[in-house]
Each structure stands twice: as structure tokens, then as C-alpha cells.
Amino acid sequence: MERMRDWGLGPRDSGAAVLSLYQKFLRRFFPSLSSPSLPPPPPVCIPLGMLDDFPDGQGKPVVIAGRKIVIFRLGEEVYALHNACPHNRVPLSAGITTGHTLICRAHRARFDLKTGAVLHGPARKPVRIYPVRRTGDTLEIEVGP
Ligand code: FES
């Protein structure tokens, strides 16, 4: 108990506080151990379905690898974005498309469907996009780390 007080910990400190202290110790005395040296895992391609599974001009929400994603089909082109507006987390699946622009229904922020870039506020951060591959009418989505 005395030693815990020496380290700035009390008897009611949580495991998270102890873990944080341990991580500080590792960073200070073993910096090579605490900095990840392994490259991130490569993206994974997951079957998405057929082109006709997605209605033209509308957003279809899906959950892939635990991620909420919205798929927009514009004719022969298919785009996948994170299904939450970066402004206030409203689902973008209810958004409206005009050309390659997606308009959030909540506060009318506009995003580029191809890049996820903000075209008009109030959103300031882009929407994450996921590459979609098409082979014939079969679609695959690339989900990274
Ligand atoms: S939640 Fe989308 S613009 Fe505000």
C-alpha cells in the first residue's frame, strides 16, 4: 500500500489508472516497445451483393465488419460511405443525392460522394469512404483497419 502511494495511486484507483501508469513507464523506459513497429493489416474485400440489390439514387444502410456503411448507387456507379454525418452523427442513408453530391437531411451539409469531401457546411470533416469494386454485376467493398 505504501508503494502504491509512492506511485501516486490510491486504494480506490481503477485498473485503468494502473494501466495508464504502466504505459507511461513503458513509454519512458522502453520507447521501442510502446511504439508499434508492425504495419497496419491490409484492407479486406468483402462481398457486398449484386448491383440490382441497391436501388438507383437512394442510400441503403448496411453493416459490414461491424461498421455502419451506406451504399449509394447512381446508375452503374456505386459508392460506400460511413453512415453518420460528421456534423451531428445523423445517418446519411436518409440523405438526398443530386448528381455526385450527397445532402444530409438534418442541416443540409453537402458531401462529394466520390471522395467524402465537404462541399458545404455546417460539417467540417469529410465522411469516410470505402472503395467498392465491381466485377460484372457483383460488388465487393474494401474495408480497411
Ligand atoms: S447532422 Fe448532417 S449536417 Fe448536421
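In this predicted model, strand 3 (residues 67-74) pairs with strand 4 (residues 77-82). The two run in the antiparallel sense, joined over six bridges. Within this pairing, Arg73 lies opposite Val78 of strand 4. Strand 3 and strand 4 form a hairpin with two residues between the strands. One residue of the hairpin, Gly75, adopts a positive phi near 65°.

Strand 4 has a further partner, strand 9 (residues 129-130). This pairing is also antiparallel and spans two bridges. Here Leu81 has Ile129 of strand 9 as its bridge partner.

Leu81 also belongs to the largest nonpolar core, a set of 20 residues. Leu81 is among the members that touch the most others, together with Ile69, Val70, Phe72, Ala80 and Leu92. Strand 3, strand 4 and strand 11 (138-143) each contribute at least two residues to this core. Strand 3 provides the largest share, with four residues.

Phe72 was examined further for its contacts along the chain. Leaving aside residues up to four places away in sequence, Phe72 touches Gly59, Tyr79, Thr97, Leu102 and Leu113.

Confidence in the prediction varies along the chain. The mean pLDDT of the chain is 83, and 82% of its residues reach 70 or more. Confidence is lowest in helix 1 (residues 2-6), where the mean is 57. Strand 7 (residues 110-112) has the highest value, at 95.

How values were computed: Residues are numbered from 1 along each chain as its sequence is written. This is a predicted model: local features need pLDDT of at least 70, side-chain atom pairs count only at pLDDT 80 or more; totals for chains, interfaces and linings use all residues. Two strands pair if DSSP finds at least two bridges between them. A nonpolar core is a set of buried Ala, Val, Leu, Ile, Met, Phe, Trp, Tyr and Cys residues joined through C-beta atoms within 7 Å. A residue is buried if 20 or more other C-beta atoms lie within 10 Å of its own, exposed if 12 or fewer, and partly exposed in between; C-beta atoms are placed from the backbone. Two residues are in contact if their C-beta atoms, placed from the backbone, lie within 7 Å. pLDDT is the predictor's confidence in each residue, from 0 to 100.
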